[in-house]
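Reader: I am new to protein structures and would like to learn how to read one. Could you walk me through it?

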Amino acid sequence: LQEMEAAGPPTQPPAPHPLVAPLSFLLGKWRGEGEGTFPSIVPFRYGEEILFSHHPSKPVISYTQRTWKAASGDPMHAESGYWRPRPDGSVEVVIAQSTGLTEVQTGSYDSEKKTVTLQSELIGNAAKVKQITRAFQVVDGELSYVVQMATITNSLQPHLKALLKRI
Ligand code: HEM
C-alpha cells in the first residue's frame with residue numbers, strides 16, 4: 001500500500017480497452033429529453049439519463065438508462081445491458097428492458113463520425129414487438145438517438161427520439 005501511495009494518484013484516467021477505444025465517444029453520463037411517438041399511441045415527452053461505463057481490463061461497455069415523465073418526474077421505462085465491440089469492427093449489444101422485453105442487437109460503428117447503428121437479431125418475451133433498430137450519434141458533444149420498432153400491427157418506424165448532453 002505504501003508503495004502505491006508513493007507512486008501517487010494517476011494523473012489521467014487509464015486508457016480504455018483497445019476494443020472499447022473506438023467507441024469511447026459514448027463513455028460517460030448523459031442527461032436530456034426525448035419524445036415518443038407511434039401511430040397507435042398518444043405522443044409523450046420524457047427525461048432521460050444514460051450511463052456508459054467500462055473497466056480498462058474488459059472489452060465491454062456497461063449501459064444503464066432510465067427515463068421519467070417530463071411533467072411530473074415519475075419513473076417511466078428503464079433498461080440496462082452490455083455493449084460488446086468485436087475484433088471484426090462490429091458491435092453486439094444485449095439489453096434487458098423494465099417491461100420484461102429482451103434484445104440482442106448487432107451493428108456497426110464509425111468512430112470518426114461518432115455513430116452507431118444497431119438492429120435486432122433477437123427479441124425475447126415481447127407480446128407485440130417484432131423488430132427494433134437503434135441509431136446513435138454524438139455531434140458537438142451531444143448524444144442523440146432514434147429508436148424504431150415494428151410491431152404486429154405497425155411497420156418499422158420511430159418510437160423514440162432524444163437529445164442528451166454530457167454531465
Ligand atoms: C408504447 C415498445 C421504449 C413509453 C409502446 C408499445 C410498444 C412499446 C410495443 C405499444 C404500441 C402499440 O400498442 O401499438 C417499446 C420498446 C422500447 C420502448 C420496444 C425500447 C426499445 C419506451 C421508452 C418509453 C416508452 C424509453 C418512455 C420514455 C411508452 C409509452 C407508450 C409506449 C408512454 C404508450 C402507452 C403504453 O402503451 O404504455 N412501447 N417502448 N417506451 N411506450 Fe414504448
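**Reading the ligand site**

Author: Happily! Let us begin with the metal: the iron atom of the ligand has a single donor from the protein, His159 (NE2), at 2.2 Å. Keep in mind that this is a predicted model.

Reader: Where in the secondary structure is the place of His159?

Author: His159 sits in strand E10. For the wider setting, the protein has one helix and ten strands. Going along the sequence, the pattern reads α-β-β-β-β-β-β-β-β-β-β.

Reader: How do I find out which residues come nearest to the ligand?

Author: Start from the ligand and look outward. There are 17 residues around it, and those that come nearest are Ser40, Phe44, Gln97, Lys128 and His159.

Reader: Which side chains have an N or O atom 2.5 Å or 3.0 Å from the ligand?

Author: For polar contacts, we look for pairs of N or O atoms within 3.5 Å. In Ser40, a side-chain N or O atom is 2.5 Å from an oxygen atom of the ligand. In His159, a side-chain N or O atom is 3.0 Å from a nitrogen atom of the ligand. Lys128 joins in as well, with a polar side-chain atom 2.8 Å from a ligand oxygen atom.

Reader: Which elements give two or more residues to the shell around the ligand?

Author: They are strands E2 (44-53), E3 (61-69), E4 (75-85), E8 (129-139), E9 (142-151) and E10 (157-166). The largest share, three residues, comes from E8. Sorted by class, this shell has nine nonpolar, six polar and two charged residues.

Reader: And how do I read a pocket?

Author: The general idea is that rolling a probe the size of a water molecule over the atoms shows where empty space is left. In this model, the ligand takes up the space of the largest pocket, whose volume is about 760 Å³.

Reader: How many residues line the largest pocket, and which lie nearest its centre?

Author: The lining has 36 residues, with His77, Gln97, Thr99, Met149 and His159 nearest the centre. The elements that give two or more residues to this lining are E2, E3, E4, E8, E9 and E10. Here the largest share, five residues, comes from E9.

Reader: How do the residues of that lining divide by class?

Author: They divide into 18 nonpolar, 13 polar and five charged residues. To finish, try tracing His159 yourself: this residue is the iron atom's single donor from the protein and also lies among those nearest the pocket's centre.

Terms used
Residues numbered from 1 in each chain as written. Predicted model: local features only at pLDDT ≥ 70, side-chain atom pairs only at ≥ 80, totals over all residues. Heavy atoms only, no water. Near = heavy atom within 4 Å. Polar contact = N/O pair within 3.5 Å; in protein donor to acceptor, adjacent residues only side chain to side chain. 1 Å grid on protein atoms, 1.4 Å probe; cavity = no way out; pocket = protein on both sides within 12 Å on 5 of 7 lines; lining within 4 Å. Sits in = over half its atoms within 2 Å of the grid points. Helix = DSSP H or I, 4+ residues; strand = E, 2+ residues; numbered from the N terminus. Nonpolar A, V, L, I, M, F, W, Y, C, P; charged D, E, K, R; others polar. Points joined across faces, edges and corners; volume = space filled by probe spheres on them. Donors = N, O, S within 2.8 Å, 3.2 Å for Na, K, Ca; no water.
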